[in-house]
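Visitor: I would like to take a close look at one part of this protein, and to see how that part sits within the whole chain. Could you walk me through it with care?

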Amino acid sequence: MLSTMQVLARLRRWHALIAPVVVLPLLITVSSGMGYRLLRDWGGLSRDQVHGLMVLHEGEWLGPVGKSWYVALNGLGLLWMLITGAGLALQGWNRRRGRTEREERAEEGGT
């Protein structure tokens, strides 16, 4: 049975291994989606003028089958990074909180 520390170490390792793979597709999706919406709303451009951004955003450039895989894998990659990142952040917060509580007890003369 793995200890909590071993599980967290593996989680951190997998998070770090997968991050470089998902960063480019996520960056393309976020930047093209934001660009599309902001250029339409604030830039006053028409749907036809910014259609290329939507092609990038939805993965249409990969064809019908590739588009579905792009969306599915991009979504799973984002969920993975959010869940594992949140778990690692909670671990850090708990570690700091535990250290702070120990320091307070030490200042009070407790153990």
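Visitor: Before we turn to the part around T29, what percentage of the 111 residues of the protein chain count as buried?

Guide: This is a predicted model, and in it 20% of the 111 residues of the protein chain count as buried. The secondary structure consists of 3 helices and 0 strands, and along the sequence these elements follow the pattern α-α-α. The radius of gyration of the protein chain is 22 Å, well over the 13 Å that the globule rule gives for 111 residues, so the chain is more spread out than a compact globule. Taken along the principal axes, the box filled by the C-alpha atoms is roughly 70 × 40 × 15 Å. The accessible surface of the protein chain comes to about 8400 Å², and 66% of that surface belongs to carbon and sulfur atoms. As for the charges, the mean position of the 13 positive ones lies 8 Å from the mean position of the 9 negative ones. Among the contacts in the protein chain with a separation of 6 or more, 55% are made by residues 24 or more positions apart, and the surroundings of T29 can be read with that figure in mind.

T29 itself is placed in helix α1, which covers residues 4–41. With a relative accessible area of 16%, T29 falls under the 20% cut-off and is therefore buried. Once its neighbours within four places in sequence are left aside, T29 is in contact with H57, Y70 and N74. With one of these residues, Y70, there is also a polar contact of 3.0 Å, which joins the side chain of T29 to the side chain of Y70.

N74, another of the contacts of T29, belongs to helix α3, which covers residues 63–108. Its relative accessible area is 10%, so N74 is likewise buried. Leaving aside neighbours within four places in sequence, N74 is in contact with P25, L26 and W69 as well as with T29. A useful counterpoint in helix α1 is L24, which is exposed, with a relative accessible area of 52%. Although L24 and N74 are 50 residues apart in sequence, their C-alpha atoms are 9.8 Å apart in space.

Y70 leads on to G59, since G59 touches both Y70 and K67 when residues up to four places away in sequence are not counted. G59 is placed in the loop between α2, residues 51–58, and α3, and at 0% relative accessibility this glycine counts as buried. G59 can also be placed relative to P25, which is among the contacts of N74: G59 and P25 are 34 residues apart in sequence, with their C-alpha atoms 9.4 Å apart in space.

One further position in helix α1 is G33, which counts as buried at 18% relative accessibility. G33 and G85 are 52 residues apart in sequence, and from C-alpha to C-alpha they are 23 Å apart in space. To return to the part you asked about, T29 of helix α1 is a buried residue whose side chain is joined by a polar contact to that of Y70, and whose contacts also include N74, a residue of helix α3.

How values were computed: Residues numbered from 1 in each chain as written. Predicted model: local features only at pLDDT ≥ 70, side-chain atom pairs only at ≥ 80, totals over all residues. Heavy atoms only, no water. Helix = DSSP H or I, 4+ residues; strand = E, 2+ residues; numbered from the N terminus. Rg over C-alpha atoms; globule rule 2.2 N^0.38 Å. Buried < 20%, exposed > 50% of the residue type's maximum accessible area, 1.4 Å probe, protein only. Contact = heavy atoms within 4.5 Å. Areas by Shrake-Rupley, 256 points an atom, 1.4 Å probe, with all protein chains shown as cover. Lys, Arg positive; Asp, Glu negative; His and termini not counted. Charge placed at Lys NZ, Arg CZ, Asp CG, Glu CD. Polar contact = N/O pair within 3.5 Å; in protein donor to acceptor, adjacent residues only side chain to side chain.
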